[in-house]
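Subject: Structure for your review

Dear colleague,

Please find below the structure that I am handing over to you. My findings follow it, and I would ask you to read them with the structure open.

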Amino acid sequence: TVGTILNGFLGALFYIFLARFLGPSEFGLLVVSITTLTLIADISYLGTNTGLVRFVSSSLVSNKDRALRFLKLGLEIKLAVWVLVLIAGVMLSPFIADKIFNKTQLILPLQLVMFGVGGALLFSYATSSLQAFQKYFTWSLVNISTNLLRLIFILALIFYQQLNLTSGLLVYILLPFFGFSLALFFIPAKKVFMVKNEFGVAGQFFKYNLWVAVFTIIAAISSRLDTFLSARLLVASEIGIYGAANQLVQVVPQIVGALGVVAAPKFAGFQTKEKMFAYFKKFQLLVLGLAILGVSIIPISYFAIPLIYGVQYKDAVLPFIILLLAMLVFLISVPIHNSIIYYFGKPQIFVWVSIGHLLIVSLLGYWLILSYGVVGAAVTVLIGMLFNFLVPLGWFLWRIKR
C-alpha cells in the first residue's frame, strides 16, 4: 500500500506536468488517447491476470511445474492478442478518430496507442506474476521505477521544449516495456520459457477466465464510457478539464489495486468461512478508515487544484469532488468484490453487475453529460460506483446468512 501511494504520487505528478504544459485542449486529446489504450488493454486481458493470480498462487504449494505452465500459457495469450490488436487497430484508427470521436487529429495518437497496448499487456503480466508469487516489495519496485522514469522523461521534454501530444504519449507508451523487462529478473523467467505442455492446463484456465473476461470487458467499457461520451459530446478543452480532475483521483484506484494484490491470494487460500470472515472484517475496517481520510482532503481541493494545474483548470474542482466520492465508494467495495471472486469463486456475479453498470452509464450518462457537461460526467461515475457497491453487497449478505 505504501508503494502504491508513492507510485500514485509519481503518476499524479506525471499528469500534472502534462496538463500544465500542454494546456486543456491538447491534454484533453492525450487523455482520450490514454483512455483508449487502457480500455483496449483491459479488454485484451481476457481474464488472464485474474487467472494467473488464482492458479499460480494455488499451484505453487503443491505443484510448481503446473504453476510455470500457467505462467507460460498466460504470456503466450497476451503476445497473440497484441499481434491481433496491432494489425486491426492501426487499420481502424482513422475510422475511430473520425466517426466515433469526431476528431481527426487523433488518428496518429490512436495508431501509437495500438502499439502501446503491447506494453500494457506485458506489464500487467509481470505485475500479476509478482502478485501470484506474493513478492509485494518487488511489485512496488517495478511500478515505482516505471512511473519515476516516465516523470523524468517528461521533465526532460519540458526542459528541452519538446513536449507535445505525440512525445508525451510516446513516453507513456514505451516505459511499460521497461517495467516488464525489469520484472523478468524477479520471476523464474527461464523456467517459464522452458516448461512444456502449457496447453495441458488451458481447459481449467479458460473455464475460469471466461466469466472473468466477460465481466472485465463490460466493466472496462462502462468504467471509461464517461470519458468517451465526453470526447464525443464536449470540446477538447472541456475534456482536458475533466481529465485533470479524473487523474487527481486515480491514486484511489491504485490503492484499491494494491489492496487487491495482497487480498486476492489470501481470499483464494481460505478453506473455511470463519477464517475468511475474520479477515474480511479487518479488511473492511481498513478501507473505511482510508475512505474517511480521503473525505478530509475535499476542502483543500478548492485552493489546491488551481494552484497545481493553473487557473485555466479552476472548473475542475467540482468534478474532482464528485469523482473523489465515487472512488471512495469503489475503495469501500474492495473486500466484498475480492471475497466474491476469490473465496466464493463466483466471478459470474459481476457479469450481471457490469451489464447494469453499463446501462446506467450509457443511458443516464449521455443525458447528464449533454445537460451538465463535465459535472454530469462526474455524477454519472458516482451513480455507477454506488450501483457496483450495493448489488454485490446484497449478494454477499445473502450468501453469508445462507
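A residue counts as buried when its relative accessible area is under 20%, as exposed when that area is over 50%, and as partly exposed in between. By that standard, 57% of the 402 residues of the protein chain are buried. Please keep in mind that this is a predicted model.

Overall form

The protein chain contains 15 helices and zero strands. Its radius of gyration is 21 Å, close to the 21 Å that the globule rule gives for 402 residues, so the chain is as compact as a globular protein of that length. Along the principal axes, the C-alpha trace spans about 60 × 45 × 35 Å.

How do the contacts divide by distance in sequence? Among contacts between residues at least 6 apart in sequence, 83% join residues at least 24 apart.

Surface and charge

About 17600 Å² of the protein chain is exposed, and carbon and sulfur atoms supply 71% of this area. The chain carries 27 positive and 10 negative side chains. The centres of these two sets lie 13 Å apart.

The nonpolar core

In soluble globular proteins, nonpolar side chains tend to be buried together. In this model, the largest nonpolar core has 138 residues, and those with the most contacts inside it are Leu18, Phe27 and Leu331. Helix H1, which covers residues 2–44, gives the most to this core, with 16 residues.

Which residues does Phe27 touch, not counting those up to four places away in sequence? They are Tyr15, Leu18, Ala19, Leu22, Gly240, Gly243, Ala244, Gln247 and Tyr313.

Residues in helices H8 and H15

Is Ser354 buried or exposed? Ser354 belongs to helix H15 (residues 349–401). Its relative accessibility is 6%, and because the cut-off for buried is under 20%, Ser354 counts as buried. Leaving aside neighbours within four places in sequence, Ser354 is in contact with Phe215, Ile218, Ala219 and Ser222.

Leu393 also lies in helix H15. With a relative accessible area of 23%, Leu393 is partly exposed. Leu393 and Val192 are 201 residues apart in sequence, and their C-alpha atoms are 39 Å apart in space.

Lys207 is part of helix H8 (residues 202–233). Lys207 counts as exposed because its relative accessibility is 68%, and the cut-off for exposed is over 50%. From C-alpha to C-alpha, Lys207 and Ile187 are 26 Å apart, with their positions 20 residues apart in sequence.

Two loop residues with positive phi

Most residues other than glycine have a negative phi. Against that background, two residues deserve your attention.

Asn102 has a phi near 60°, a positive value in a residue other than glycine. Asn102 sits in the loop between helix H3 (64–100) and helix H4 (107–132). Its relative accessible area is 52%, so Asn102 is exposed.

Gln134 is not a glycine either, yet its phi is positive, at about 55°. Gln134 is placed in the loop between H4 and helix H5 (136–159). Gln134 is partly exposed, since its relative accessible area is 38%.

Yours sincerely,

A colleague

Conventions
Residues are numbered from 1 along each chain as its sequence is written. This is a predicted model: local features need pLDDT of at least 70, side-chain atom pairs count only at pLDDT 80 or more; totals for chains, interfaces and linings use all residues. Side-chain values use heavy atoms; hydrogens and water are left out. Helices (H or I, at least four residues) and strands (E, at least two) are DSSP runs, numbered from the N terminus. The radius of gyration is taken over C-alpha atoms; the globule rule is 2.2 Å times the number of residues to the power 0.38. Buried means under 20% relative accessible area, exposed over 50%, partly exposed in between (1.4 Å probe, protein chains only). Contact means heavy atoms within 4.5 Å. Accessible areas come from the Shrake-Rupley method with a 1.4 Å probe; for residues, only the protein chains shown count as cover. Lys and Arg count as positive and Asp and Glu as negative; His and the chain ends are not counted. The place of a charge is taken as NZ of Lys, CZ of Arg, CG of Asp or CD of Glu. A nonpolar core is a set of buried Ala, Val, Leu, Ile, Met, Phe, Trp, Tyr and Cys residues joined through side-chain atoms within 4.5 Å.
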